[in-house]
Each structure stands twice: as structure tokens, then as C-alpha cells.
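Visitor: I would like a close look at a single part of this model, the place where the ligand sits. Please take me through it slowly.

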Amino acid sequence: MFTYKSKKALTTFALATTLITSVFVPLQADGAETTVNWTREQVSKIEQTADNTAPYINGEEVEKISSDYHIWDTWPLRNRDGSIAVINGYKVIFSLTAPSDVLPGKRHDIAEIRYFVSKNGKDWELGGTVFPEGEALGSRQWAGSAMVDDGKLHFFYTTTGRKGEDHITYEQRLAKASADIEITKKDGISFNNWSNHDVILEPEGKYYQTMEEGMQGDIAYAFRDPWFFEDPKTGEEYILFEGNSNGTPAERQCEPEHIGSEEFRANHEVPENSKLFNGSIGIAKSTNEDLTEYEIMPPLVEANCVNQELERPHMVTKGNKYYLFTDTHLNKFAPGTSGPDGLFGFVSDSLVGGYQPLNDSGLVVANPKDNPYQAYSWTVLPNGTIVSFLNFFDLGDKTIDDIGHQSREWQFDHFGGTLAPSLKISIHQDKTKIVKEKDPGVFK
Ligand code: FRU
């Protein structure tokens, strides 16, 4: 997804012979405050087992929560401390949506955020669009997060492209708006009295790549998926997001710390194009009460020479530890590495650095090998329940790249566009395990 100019990028890349600096940014010698790179060595340890492979989903049996809309990335309304909010007996979820007669592959270009409400945290009813028509920034809106404090909704989202643009662009910025939450007899919950929509974060070209840099030979660009987090240890507030490591391909090369130990490096080849893979998980600290101003900080994790997209990063805390989760696709791993469409995780005693992959490799949940695209966009809730959406299922020997070449009917028949069966994991120290499958759409 969101790939541009890939052939040209590779040519440009092959011609680029000068190398300048590495983007790895060590902050402190002891490692606690250090941006870590998810290494090729760690990824080489990925192995699908019963503990990390989700049960096969029979896509045809999953009931859609809306027949009118495809829904994909979904997040619950939380309280400021990250717990799931209950408003007058209702839980609320927010989803990226597009009319269900739109080809699944086209949905990202017209995404709109809608909300659903439920009394039991499982059967969801459509509430409507979140924003009043025309008020949201961007030509469309992508994933985000939402929290309620004292009756007020604080909503963070990705504003993609610009309103009214002639040609669709992939510019991505992070935005915020607030509203009053009102309880109505008819719809249960509604959002009114909206504030202005503010752009709160843009890539600054120091730690995070700007779109202009990304277009100088890279394969894709990301600055999206703002996720609000209040640190229980300090009460300080942050936004996590998906980014790319700074710089252009001409300024980067694969460094030993991207690859792994000396022993591993001795027998491991790194194909040239690997340096085009520069996914990162960013963080910024809030500096005002309105949560509209931020100090951008060095990334928590980078996947230089390893992976292109570390999507929808989010945090769960347990004991004294921070558990950082992210989603990625099998076709986003760099040449010479591989991993499934899955949920990956890292753990640290410090919020701002020193993250080590869970289960040695980072893999927490993978789709089963015989249905490798069945679900995506996993989010771990505070109690270890994992929610996701039903993606492309039963593709036979086709890959995700073949889907767009199939008939319309085939594409609709193999796309879920609704909430997938939830999962439950256990988390102990640096190990996780899938312990249970739940019904589709269970947020509890
Ligand atoms: C993951 C994702 C998000 C983005 C959205 C766009 O499924 O790529 O990173 O916000 O989809 O549709």
C-alpha cells in the first residue's frame, strides 16, 4: 500500500554510490534511552508456532457489523489513563470506513471515520460519522485514537492529503479536535460543539522523514496513526505514531546495528535495496493542556534495513514494563528478511528507549500460513484482548498484489471489511502467547 515510484526508486538507488551518514541515533551509553533498531538478526528468528499463530478464520461465516460500509482500522474510546471508556452504559468504537460498493483496494483514498456504540462490547450499532460534514482536515482521514476526560472527547487522527486537492496526494499529518459527548435517547451517544481541528505534528526532517525526502528514491512514506498515551509512571502525555527514519536513500546505508551481532553478520548478506526500508515508531511529548503542542522526540524503534511500515503503534503497561505493539505486512519486510502479516511487540523498563523484541523475534500474532491475509491492524487492549479487522481471505495461491487484477465480484467475495474474531494473549516478562479466540468484534 502507498507505494510510489518503486521501479524508478530502485534505479535511482542503484546509481547512488555516495554514502553519507547513518540515521541511528544513540542517546545514552547505558541503552535505557536509546532508539533501538529491530535487527535483521532478530527478524531471522521469526517462527510461526501455536503460541503466535491465530486460528484460521472462516471469512464467510463472520457477520458484518455494517452492510453499508467496509470497515477496517478500529479503535475504542478510552479514558485518559488508557482504560476502555463506558459512557452511560455504552462502549464506543471508531472505524475507518468506506461505502461497501467501493472496491476494497480503493477504500484508503476515501476513508471516513464513523463510530459504533454497544452496550455489551460485542454487538455494535452504527452511530454515524464522527465529524460534522466538511470539518475534518485532509482529503480523507486515516487512523488515530480517542479519549474522554470529564465529558469531553479528545480525538486524534491522520489528516491525509489536502481538502479539495485536484489529484490525490499521500501527505500525512497528525491532527486533533475536541467535542462534547452528549447522551441522547435516540442514538445513545453523539459528539457536538466541535473545536477547531489543529494539525499537531508534521515530520520535521531530523528524526522523521519528510514527504519531500521520501520522494527522493524511497519506496513509500508514512507519518500517521497518532496514538495518545498517558505514562502511568510520570503522568506525562505523549503521542506515538508511525514514521520513517529521516534522510534520503542517498544519505543512508545499512549499518552493523541494523543487521545484528558480529557472528550473524559474518554469514548474512544484505541486498542493496534493503536500505530503502526505514519504518519507525515515533513519539512526541505534549507540552500544553489542550494537547495541541508537542516536542518531537527520537523514535522508540526503527526498522532500518528491515521493514518499511511499523503501523498503528500502541502501548500496554504491565508491572513496571512498557509493551509497545505495531502491525506490519509480509510484503513490507526488506529483501533477505521475511515475516508474516502480523502483530509485533517490544518491551522496555523505560518509556523512551531500550526496547527489546518480545519472544526474541518480535512476533506476537501471525495470520495462519493457509490464510496469510485474513486479519490486520491488530490492537492490544489493556487486558490482553486483541481486536483486528477481517481483511482478505481464502486467496488460494494469489498474493495481496494479485487482488487488484481479479474481477470485482471476486474482490468483494474475498474481502471482510468488518471486525475479525478477537484474540486474547497472555504477557509474562518478554514472552506472549495466544490463549484464546473470542467472537468477532469483542472489545472486552
Ligand atoms: C493500516 C493503515 C494505517 C492507516 C490506514 C489507511 O491498516 O495503513 O496505517 O492509517 O491503514 O487506510
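Visitor: How many Å separate an oxygen atom of the ligand from an N or O atom in the side chain of Trp 72?

Guide: This is a predicted model, and in it an oxygen atom of the ligand is 2.9 Å from an N or O atom in the side chain of Trp 72. Two further residues can be described in a similar way: a polar side-chain atom of Glu 311 lies 2.7 Å from an oxygen atom of the ligand, while Ala 143 takes part through its backbone, with an N or O atom 3.1 Å from an oxygen atom of the ligand. Taken on its own, the ligand has 320 Å² of accessible area, and the protein covers 99% of that area. The elements that contribute two or more residues to the shell around the ligand are strand 2 (69-79), strand 6 (140-149), strand 11 (224-230) and strand 20 (375-380). In total, 14 residues surround the ligand, and the closest of them are Asp 73, His 108, Arg 224, Asp 225 and Glu 311. Sorted by class, this shell consists of seven nonpolar, two polar and five charged residues.

For another part of the chain, you can turn to Phe 325, which lies in strand 16 (residues 321-328). Phe 325 is buried, because its relative accessible area is 0%, and a residue counts as buried when this value is under 20%. Leaving aside neighbours within four places in sequence, Phe 325 is in contact with several residues, among them Arg 312, Pro 313, Leu 343, Phe 344, Val 380 and Ile 427.

Terms used:
Residues numbered from 1 in each chain as written. Predicted model: local features only at pLDDT ≥ 70, side-chain atom pairs only at ≥ 80, totals over all residues. Heavy atoms only, no water. Helix = DSSP H or I, 4+ residues; strand = E, 2+ residues; numbered from the N terminus. Buried < 20%, exposed > 50% of the residue type's maximum accessible area, 1.4 Å probe, protein only. Contact = heavy atoms within 4.5 Å. Near = heavy atom within 4 Å. Polar contact = N/O pair within 3.5 Å; in protein donor to acceptor, adjacent residues only side chain to side chain. Areas by Shrake-Rupley, 256 points an atom, 1.4 Å probe, with all protein chains shown as cover. Nonpolar A, V, L, I, M, F, W, Y, C, P; charged D, E, K, R; others polar.
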